[in-house]
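Got your viewer ready? Please load the model and follow along, one selection at a time.

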Amino acid sequence: MNLTTVAFEKPIGYYNAAVQELIVIDDVLSAMVGIEGRYVLIKTVRGNKDDITFLVDPSMDLALQELAKRIFPLCRSYLLIDQFVESRSRFQNGLVNHAFSAALRALLLDYQAMVAQVEHQFRLGRLSLQGLWFYCQPMMRSMQALSTVIQKASVNNFSGSAVLNLLQSQAKAMAGDNAVRLLLEKMTQCASSAYMSILERWVYEGVIDDPYGEFFIAENKSLQKESLTQDYDAKYWRQRYSLKDGIPSFLTNIAGTILTTGKYLNVMRECGHNVQVPPSENSKLMSFGSNHHYLECIKAAYNFASGELLNLIKEKYDLMGKLRSIKHYLLLDQGDFLVHFMDIARDELGKKPNEVSVEKLQSLLDLALRTTAAAADPFHEGLTCVVERSSLLKRLGTFNDLEVSLRNSGNNDLEEPVSITSLETFSLSYKVHWPLSIVLSRKALAKYQLIFRFLFHCKHVDRQLCGAWQVHQGVRALNTRGTAISRSSLLCRSMLKFINSLLHYLTFEVIEPNWHLMCNRLQSANSIDEVIQHHDFFLDKCLRECLLLLPELLKKVERLKTMCLQYAAATQWLISSSIVLCSPEEPIDDLNKAKQRKSGQVLKSTTRSGAVTDSVLKFEKEFNAELQNLGSILSSSSQAEPYLAHLAQWILGVKNEQNGL
């Protein structure tokens, strides 16, 4: 740039062209290492984007001016790079900038050596300005490319992966200039060495050694592993370690694997199982290149960490044994303890939820477990009692994952029953400790509890109907043909068939096949995340096929169960209202009554038992209507939900048998 306002000590134009050239060469050599000359001045323009300009004496020979101006971009690049190295070597700029600055400093040393050699030629009188221009050519484009990179990095205050991505993109942009591309790739390698050392510790030890927050994995130390037993969303597993923005482009496709590898190593460390990926000469991650060796190292580390953790959870902590134990109790796989418990806890479970003593229920449960086959289960001590405060329908409406499903189904009238007992709200829970809580999280246990409550209430209905059936069997000696008792007996049989068919479907058509499918998948799982996925899939599939995600069908089933319980509760009255005890003084009209006299019982007259007959007919009519309605809904829904065809067959089979009777 020519500026007449700049005062030079003596215009260079006073000298002849040969002398001017010597003076210009000397000044340009000084400018190439950032030192002002007598007739070449350096001016730095401060602002949002720092820039450097060079001023020359306007009286300088025009040919010399043009040659000097060709070299000034190299001088400018040197100064920009030198300033960047000085500013980015500070601690707060991060390890990547430190490494990049170190590589640039080494480059500047080579550049300064080149300038010294050229200056030596000048002192020997062997250098012209044209020759200087020739010697500058090899460094010109490389220095300009680097100055472009450092200017972008400075303006945007890049650090960490942003610097690496910038270098990589610039190297790709210079694909046509092999020398510049190779230099930029080398700079990327050097700058990434610090980043790769952070990555190496993470995938080989599970440790984040990132003092300046440059790594693309963030750690949330506020989330502790103990939260898995309380947090429905299992935030610890998903958010304790997570991906941040700014992943290096060469790691984008494998970032998830890197995250998971370190997570697995951390789980083992939390278990007191100090494990480290076996190091080898070929496992170093200090650099990356086109051979993608670093990708193979990361995948090998992932396979090792995944296999070790899976083996630890399956073998040392016996995941399958714990799952089988939960199946025994929460999915009612072994019913002997449940029968005993329901017998000894009948009075307590008949109370309202706010009146029941959970401590007493727990002691009764412990007694039932100790006195049945469950005592042989090493995990039975983890079983605890829970008494909810709401019905199953209402609980389903507030459960996190199911809320949207229920709302989308148009089910806005899940009314709370007017009066519920602990039988409707009783549930079992399970104490799960780390690291099994990763698989058996609070959400997973909540899903088990929903299935248990449904099965438990079905078992309760079945027991009540069995009691009603026994009452009917107690009067078989009487001639009940054509009476209300005969009609009631048939209705009781139909209800028993219904609840038994429902329990058979839930147990043998839903839980058992899905359980075996899950077990087979768990055997072939390659990581703990696959185990979690297969286990959650099993629970969600069971919830849906058990009708717990189908509000319309579930309400019909609940209505039928309520009718069964109402009928079972009224059975004693129905029977006693149809039978009268005779005194010995009453006259005996015929032989049949004489036989009945021996047992002390006779049937009441038809007129006296009219109310009983009406009650039985009312139960029968409502039950048949609800059953038929459920069967038709199941049949129509089975096209969209094929598994409902099995339940429909059982329900319709019950209805058809009842009609045949």
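Select Cys136 to begin: in this predicted model, its relative accessibility is 0%, so Cys136 counts as buried. Now add Cys75, which holds the cysteine sulfur closest to that of Cys136. Draw a distance between the two sulfurs and you should get 7.2 Å, which is too far for a bond. A disulfide would need the pair to lie within 2.5 Å.

Next, jump to Cys458. Is Cys458 buried or exposed? Cys458 is buried, because its relative accessibility is 0%. For its partner distance, select Cys546 as well: this residue carries the nearest cysteine sulfur, 9.0 Å away, and Cys458 is in no disulfide. The count for the structure as a whole is 0 disulfides.

Now leave the cysteines and turn to the empty space inside. How many cavities of 30 Å³ or more are there? The count comes to 3, and the largest has a volume of about 60 Å³.

To find that largest cavity, select its lining and show the side chains:

- Tyr236, Trp237, Arg240 and Tyr241 are among the lining residues.
- Lys263, Asn266 and Val267 also belong to the lining.

Switch to a cartoon view and color helix H7 (235–239) and helix H8 (255–270), each of which supplies at least two residues of this lining. Which helix gives the largest share? That is H8, with 3 residues.

For a last step, color the lining of the largest cavity by residue class: you will see 4 nonpolar, 1 polar and 2 charged residues.

Notes. Residues numbered from 1 in each chain as written. Predicted model: local features only at pLDDT ≥ 70, side-chain atom pairs only at ≥ 80, totals over all residues. Heavy atoms only, no water. 1 Å grid on protein atoms, 1.4 Å probe; cavity = no way out; pocket = protein on both sides within 12 Å on 5 of 7 lines; lining within 4 Å. Points joined across faces, edges and corners; volume = space filled by probe spheres on them. Helix = DSSP H or I, 4+ residues; strand = E, 2+ residues; numbered from the N terminus. Nonpolar A, V, L, I, M, F, W, Y, C, P; charged D, E, K, R; others polar. Buried < 20%, exposed > 50% of the residue type's maximum accessible area, 1.4 Å probe, protein only.
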